[in-house]
Amino acid sequence: MDKNMIARINELAKKKKTVGLTAAEQEEQKKLYKTYLGEIRQQFSQTLDNVSVEEKDGKVVPFKEAFKNE
């Protein structure tokens with residue numbers, strides 16, 4: 001997500017608190033939030049791909065594999 005999109009999200013949030021949003025702005029805000037959250041979730045998932053867990057028996061497995069069935 002680029003700085004312009006984040007700036008627009010913040011601009012709409014501020015406007016919503018002060019004077020309110022038009023229907024078009026509400027839709028734009030909804031789409032921006034959806035994009036933003038999707039990117040955050042993707043980044044978090046990629047971070048978990050790089051995390052490993054050491055099990056009780058000493059075996060080291062990827063995080064997602066360790067908690068797959070639990």
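Let me start just past helix H1, where Gly20 follows, and in this predicted model the phi of Gly20 is positive, near 95°. The helix that precedes Gly20, H1, has 16 residues and reaches 23 Å from its first C-alpha to its last, which is close to the 22 Å expected at 1.5 Å a residue.

Turning to H2, we can put the same kind of check to it. The 27 residues of H2 should span 39 Å at 1.5 Å a residue, and since its end C-alpha atoms are 39 Å apart, the two values agree.

How do the two helices meet? The axes of H1, residues 3–18, and H2, residues 23–49, come within 10 Å and cross at roughly 135°, and that angle makes H1 oblique to H2. The crossing in which H1 passes H2 is left-handed. On the H1 side, the contact is made by Met5, Arg8, Ile9, Leu12, Ala13, Lys15 and Lys16, while H2 contributes Glu25, Glu28, Gln29, Leu32, Tyr33, Thr35 and Tyr36. Sorted by class, this contact of H1 with H2 has seven nonpolar, two polar and five charged residues. As you look at those lists, it may help to recall that an α-helix has 3.6 residues a turn, so residues three or four places apart point the same way.

Which residues of H2 are buried? They are Glu25, Gln29, Leu32 and Leu48, and the buried residues of H2 pack against H1 and against helix H3, residues 63–66.

I would like to take two of these one at a time, beginning with Glu25, which is found in helix H2. Glu25 counts as buried because its relative accessibility is 13%, under the 20% cut-off. If we leave aside its neighbours within four places in sequence, Glu25 is in contact with Arg8, Leu12 and Lys15, and also with Gly20, the glycine with the positive phi where I began.

The second is Gln29, also placed in helix H2, and here the relative accessible area is 6%, so Gln29 is buried. Not counting residues up to four places away in sequence, Gln29 touches Leu12, Ala13, Lys16 and Leu21. Leu12 therefore appears in the contacts of Glu25 and again in those of Gln29, and it is one of the H1 residues listed for the contact with H2.

Further along H2 there are two glutamines to consider. Gln43 has its place in helix H2 and is partly exposed, with a relative accessible area of 45%. The C-alpha atoms of Gln43 and Asp2 are separated by 14 Å, although the two residues are 41 residues apart along the chain. Gln46, which lies in helix H2, counts as partly exposed at 45% relative accessibility. Between Gln46 and Gly58, twelve residues apart in sequence, the C-alpha to C-alpha distance is 24 Å.

Finally, let me move beyond H2 to Val53, which lies in strand E1, residues 52–54. With a relative accessibility of 22%, Val53 counts as partly exposed. What does Val53 touch, leaving aside its neighbours within four places in sequence? Its contacts are Lys59, Val60, Val61, Phe63, Ala66 and Phe67. Val53 and Glu65 are twelve residues apart in sequence, and their C-alpha atoms are 9.1 Å apart in space.

Terms used: Residues numbered from 1 in each chain as written. Predicted model: local features only at pLDDT ≥ 70, side-chain atom pairs only at ≥ 80, totals over all residues. Heavy atoms only, no water. Axes fitted to C-alpha atoms, helices over the stretch in contact; angles between N-to-C directions. Helix = DSSP H or I, 4+ residues; strand = E, 2+ residues; numbered from the N terminus. Parallel < 35°, antiparallel > 145°, perpendicular 65-115°, else oblique. Left-handed = near helix turned anticlockwise from the far one by under 90°. Contact = heavy atoms within 4.5 Å. Nonpolar A, V, L, I, M, F, W, Y, C, P; charged D, E, K, R; others polar. Expected span 1.5 Å × (residues − 1). Buried < 20%, exposed > 50% of the residue type's maximum accessible area, 1.4 Å probe, protein only.
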